[in-house]
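Thanks for sharing this one. Here are a few notes on the aromatic contacts and one of the helices, to read alongside the coordinates.

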Amino acid sequence: MRTKVGVFFGGRSTEHEISVISANQAMAAINSDKYEVIPVYITKQGRWYTGDALRDVANYRDIRSLLERCTPVYMKPVYGDYNLYSDKAAGLFGKKGPVATLDVAIPVLHGSNGEDGIFEGVLETIGIPYAGCNTLASANGMDKITMKMILRAEGIPMVDYVWFTDKEWSDRRDNVISRIENELGYPVIVKPANLGSSVGIGRATDRDQLIDRINDAERYSTRIIVEHMVEQLQEINCAVLGDCDEFETSVLEEPIKSGEILSYTDKYMGGSKGTKGMQASQKRIPADLPADVTERIRFLAGETFRVLSCHGVSRVDMIVDRTDGKIYVNEINTIPGSLSFYLWEACGLRFDTLMERLVRLALKRKRESDSKTVSYDQNIFAMGGGTKGGIKGAKGGVKSH
């Protein structure tokens with residue numbers, strides 16, 4: 001019997017369309033002789049659908065027509081229930097039943113409400129084996145501020161930065177500007193803390209531009225980060241595959257940008273009419289770097305993956321300062337565009353093999369987590385706890401005077 005693999009994609013995210021592309025690439029790559037692929041598309045409104053029509057990117061040109069050919073579904077937040085249930089009433093009395101039972105879940109959800117730990121928490125509540133970072137690693141990897149705090153504490157090089165909330169910006173704007181100008185100077189890069197794909201990111205070379213860029217970034221996030229901008233930079237990316245105890249790093253790529261910042265268009269629309277995801281972006285593979293620099297970048301990518309306790313496949317984006325050769329970790333993408341399959345193919349690892357590795361990693365983690373104690377068999381209520389004085393808790397509670 002084939003293993004049933006649910007691939008989840010779309011979502012309430014600014015990176016919704018990129019997720020659709022990445023997921024369709026992944027589903028096409030999965031070995032259908034060994035695995036039965038069940039697509040689960042999450043709309044921009046948060047509704048779930050399944051159906052074979054979801055496996056053709058061309059169908060997404062008319063979402064309404066596409067969804068009419070699909071079945072609305074949901075999963076129950078019940079541990080051990082891996083069923084997809086139909087959201088349509090069946091028969092005269094409206095009984096609803098499962099349309100499929102999943103064995104493994106593979107989230108291919110980019111950005112907020114998918115890559116940030118929210119969806120992973122749903123999967124952990126259900127208890128289904130799934131590939132990719134867990135809730136904690138996803139949340140830490142997605143939030144640029146938290147990520148940088150953790151990595152810097154572990155000695156991983158970061159560019160200098162200042163962070164603040166949208167309320168701070170509204171109430172104490174002059175103080176925020178002073179901090180940025182005194183601690184960083186110009187030019188700087190302004191970013192929403194929890195978005196990817198270059199959404200809401202802008203360069204500022206003076207105070208007026210800074211204000212405009214922050215006003216734009218706060219449209220997308222309640223927390224904003226402003227970073228020192230390395231002007232003579234070289235961007236280098238490295239994928240990592242495995243878990244935090246055993247992983248491997250890929251060859252390096254150098255994305256080619258059309259302007260000062262690698263844009264959404266550079267990443268996803270590079271001559272492909274938006275149907276090939278990160279695979280379509282202009283890049284050099286492998287990056288043309290000295291051997292010692294390549295080794296250092298791969299080491300830092302692995303350390304980033306390890307320190308954040310990542311799992312599955314991630315991509316770590318690095319910055320090389322051409323003026324002094326210093327290398328910085330920019331960010332990690334815990335569910336990278338196109339799952340970075342093109343970097344693994346350049347290492348000799350085929351896309352179908354990559355997907356099989358992800359399934360195996362999901363099952364391995366489930367076996368390991370099931371061996372841990374999460375509760376005790378004893379019922380304190382049956383042992384006299386919770387009755388009379390028992391409601392005071394351990395050690396008799398707090399006495400009133």
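1. Let me begin with Y41, keeping in mind that this is a predicted model. Y41 has a relative accessible area of 2%, so this residue is buried. F9 also counts as buried, at 0% relative accessibility.

2. How do F9 and Y41 meet? Their rings form a tilted aromatic pair, with 5.7 Å from centre to centre and 40° between the planes. F9 belongs to strand 1 (residues 3-10) and Y41 to strand 2 (residues 35-42), so the contact ties together parts that are 32 residues apart in sequence.

3. F247 and F305 make another pair worth a look: the centres are 5.7 Å apart and the planes lie at 55°, so this pair is tilted. F247 sits in strand 13 (residues 246-255) and F305 in helix 10 (residues 291-307), which links distant parts of the chain, 58 residues apart. F305 is buried at 0% relative accessible area, whereas F247 is partly exposed at 31%.

4. For the wider picture, searching the whole structure turns up 10 aromatic pairs. There is also an aromatic cluster made of F8, W48 and F119.

5. Charges over rings deserve a mention too. The charged end of K76 lies over the ring of Y85, 4.4 Å from the ring centre. R365 places its charged end over the ring of Y130, 4.4 Å from that centre.

6. R365 brings us to helix 12, where this residue is buried, with others including F351, L354, M355 and K366. Helix 12 runs over residues 351-370, and its 20 residues reach 29 Å from first C-alpha to last, close to the expected 28 Å.

Methods
Residues numbered from 1 in each chain as written. Predicted model: local features only at pLDDT ≥ 70, side-chain atom pairs only at ≥ 80, totals over all residues. Heavy atoms only, no water. Helix = DSSP H or I, 4+ residues; strand = E, 2+ residues; numbered from the N terminus. Expected span 1.5 Å × (residues − 1). Buried < 20%, exposed > 50% of the residue type's maximum accessible area, 1.4 Å probe, protein only. Phe/Tyr/Trp six-rings, centres within 6.5 Å; stacked < 30°, edge-to-face > 60°. Lys NZ or Arg CZ within 6 Å of the ring centre and 35° of its normal.
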